[in-house]
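This report describes a single protein chain for a reader who is new to structural work. Please keep the sequence and the model in view while reading.

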Amino acid sequence: MAALQSPPLPSTDAARLRALAEYAILDTDHEDSFDQLALLAARLCSAPMAVVNFLDAERQWFKAAVGVPMRETPRAVAFCDHALRNPHQPTVVEDATRHCHLPFGGG
């Protein structure tokens, strides 16, 4: 099983976390507009799963999800964490099941 290597956090991460806290969106109820956005993303990409998520210091929290049975994962396993650590380069994951240690994937 391949593991993604994590570069260091960018210097802007503390400011991003402060802004996220100010939004007060973490651990809130489902909202139809976010659910529709996740469903649209899954359909447009012909993907079995899609999420609208937010990363705090420790976790990836799903505001909306299609095909994902949980509401959060540790930040350490979040593909979005890798994207935040290298913001000037796209994060491409050809087969998420090769990297996944969670119930919805392989590994």
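Does S33 count as buried, partly exposed or exposed? S33 counts as partly exposed, because its relative accessibility is 48% and the classes are buried (under 20% relative accessible area), exposed (over 50%) and partly exposed (in between), with a 1.4 Å probe and protein chains only.

The model is predicted: local features need pLDDT of at least 70 and side-chain atom pairs count only at pLDDT 80 or more, while totals for chains, interfaces and linings use all residues. Residues are numbered from 1 along each chain as its sequence is written, and side-chain values use heavy atoms, leaving out hydrogens and water.

**The chain as a whole**

The chain contains three helices and three strands; these are DSSP runs numbered from the N terminus, with helices being H or I of at least four residues and strands E of at least two. Read from the N terminus, the order of the elements is α-α-β-β-β-α. Of the 107 residues in the chain, 23% are buried. Among contacts (heavy atoms within 4.5 Å) between residues at least 6 apart in sequence, 51% join residues at least 24 apart. The accessible surface of the chain is about 7,100 Å², and carbon and sulfur atoms account for 58% of that area. Accessible areas come from the Shrake-Rupley method with a 1.4 Å probe, and for residues only the protein chains shown count as cover.

**Helix 2 and its surroundings**

Helix 2 covers residues 32–44, which is 13 residues. The expected span of a helix is 1.5 Å times one less than its number of residues, so helix 2 should span 18 Å, and its end C-alpha atoms are indeed 18 Å apart. S33 lies in helix 2, and its C-alpha atom is 9.1 Å from that of A64, 31 residues away along the chain. L44 also belongs to helix 2. After helix 2 comes S46, whose phi is positive, near 50°.

L37, L40 and L44 make up a nonpolar surface patch with about 320 Å² of accessible area together. Such patches join nonpolar side chains (Val, Leu, Ile, Met, Phe, Trp, Tyr) within 5 Å, like charges being joined within 9 Å, and use residues with over 30% relative accessible area and no salt bridge, that is, no side-chain nitrogen of Lys or Arg within 4 Å of a carboxyl oxygen of Asp or Glu. An α-helix has 3.6 residues a turn, so residues three or four places apart point the same way.

**Accessibility of selected residues**

| Residue | Relative accessibility | Class |
|---|---|---|
| L44 | 65% | exposed |
| C45 | 58% | exposed |
| C80 | 29% | partly exposed |

With a disulfide defined as a pair of cysteine sulfur atoms within 2.5 Å, the count is zero.
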